[in-house]
Amino acid sequence: MPSVSEPSIESGISREQIIWQVVCTIPPGRVASYGQIARLAGFQGLARFVGRTLSQLPDGSEVPWYRVLKQDGRVAFSPDSNRYVQQCQRLTEEGVLVKNGRVSMTQFRWTL
DNA sequence: AAGTTGACAGTTA
DNA sequence: ATAACTGCCAACT
């Protein structure tokens, strides 16, 4: 589903880009939650907006969207979906332990 | 203009 | 640790 909102007039940079930028700073082998990204991007409380924004990413994007999970460490997709499988796989490739679509946040959560 | 949706989160049990 | 419930807010109908 397409459509990306207009760039903000002041900055010239869309909120989407800011979020993507933050996501790109997540180190390999670590994960973050939607809410965490929202905070770091300066949009505290807009976790859902982050999710919606990541959904706008084109396939094959460089943005490591797969390092973003729910606060409880679960993958946000339905277990039967294609994206779910892909996310688990890419995380595993990076050395993040994914057990039943779930990651131990206490172990892999990215902290500044 | 008003109601619905969603790649969420905090609190409570 | 899991689950149910409630609050959230921009984007989309």
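**Figure 1. Backbone contact of Gln-71 with a phosphate of DNA strand B in the predicted model.** In this predicted model, a polar backbone atom of Gln-71 lies 2.6 Å from a phosphate oxygen of DNA strand B. Helix 2 (34-41) and helix 3 (47-54) are the elements that contribute two or more residues to the surface near the strand. Helix 3 provides the largest share of that surface, with four residues.

**Figure 2. Side chains of Tyr-34 and Arg-48 at the bases of DNA strand B.** A polar atom of the Tyr-34 side chain is placed 2.9 Å from a base nitrogen of the strand. For Arg-48, a polar side-chain atom is found 2.6 Å from a base nitrogen of DNA strand B.

**Figure 3. Protein surface around DNA strand B.** Thirteen residues surround the strand, and those that come nearest are Tyr-34, Gly-35, Arg-48, Leu-54 and Gln-71. Of the atoms of DNA strand B that come within 4 Å of the protein, 37% belong to sugar and phosphate. Sorted by class, the residues of this surface are six nonpolar, five polar and two charged.

**Figure 4. Overall arrangement of chain A.** Five helices and two strands form the secondary structure of chain A, and their order along the sequence is α-β-α-α-β-α-α. The chain has 112 residues, of which 38% are buried. Among contacts in chain A with a separation of 6 or more, 62% join residues 24 or more positions apart. The accessible surface amounts to about 7,100 Å², and carbon and sulfur atoms account for 52% of this area.

**Figure 5. The largest nonpolar core and the surroundings of Ile-37.** This core consists of 30 residues, and Ile-19, Val-23, Val-31, Ile-37 and Leu-54 have the most contacts inside it. At least two core residues are supplied by each of helix 1 (15-23), helix 2, helix 3, strand 2 (68-69), helix 4 and helix 5. When neighbours within four places in sequence are left aside, Ile-37 is in contact with Ile-19, Val-22, Val-23, Ile-26, Ala-32, Val-50 and Val-68. Leu-54, another of the residues with the most contacts inside the core, is also among the residues that come nearest to DNA strand B.

**Figure 6. Packing of Phe-49 against residues distant in sequence.** Phe-49 belongs to helix 3. Apart from neighbours within four places in sequence, the residues in contact with Phe-49 are Arg-15, Glu-16 and Ile-19. Phe-49 and Glu-16 are 33 residues apart along the chain, and a distance of 9.1 Å separates their C-alpha atoms.

**Figure 7. Environment of the buried residue Gln-87.** Gln-87 is situated in helix 4. The relative accessible area of Gln-87 is 0%, and the residue is therefore classed as buried. Its side chain reaches the backbone oxygen of Tyr-66 at 3.0 Å. Beyond neighbours within four places in sequence, Gln-87 is in contact with Trp-65, Tyr-66, Val-68, Leu-69, Val-75 and Phe-77.

**Figure 8. Backbone conformation of Asn-100.** Asn-100 occupies the loop between helix 4 (82-93) and helix 5 (105-108). Its phi angle is near 55°, a positive value in a residue other than glycine. Most residues other than glycine have a negative phi. Asn-100 counts as exposed because its relative accessibility is 69%.

Terms used. Residues numbered from 1 in each chain as written. Chains lettered and ligands numbered in written order. Predicted model: local features only at pLDDT ≥ 70, side-chain atom pairs only at ≥ 80, totals over all residues. Heavy atoms only, no water. Near = heavy atom within 4 Å. Polar contact = N/O pair within 3.5 Å; in protein donor to acceptor, adjacent residues only side chain to side chain. Nonpolar A, V, L, I, M, F, W, Y, C, P; charged D, E, K, R; others polar. Buried < 20%, exposed > 50% of the residue type's maximum accessible area, 1.4 Å probe, protein only. Contact = heavy atoms within 4.5 Å. Areas by Shrake-Rupley, 256 points an atom, 1.4 Å probe, with all protein chains shown as cover. Core = buried A, V, L, I, M, F, W, Y, C linked by side-chain atoms within 4.5 Å.
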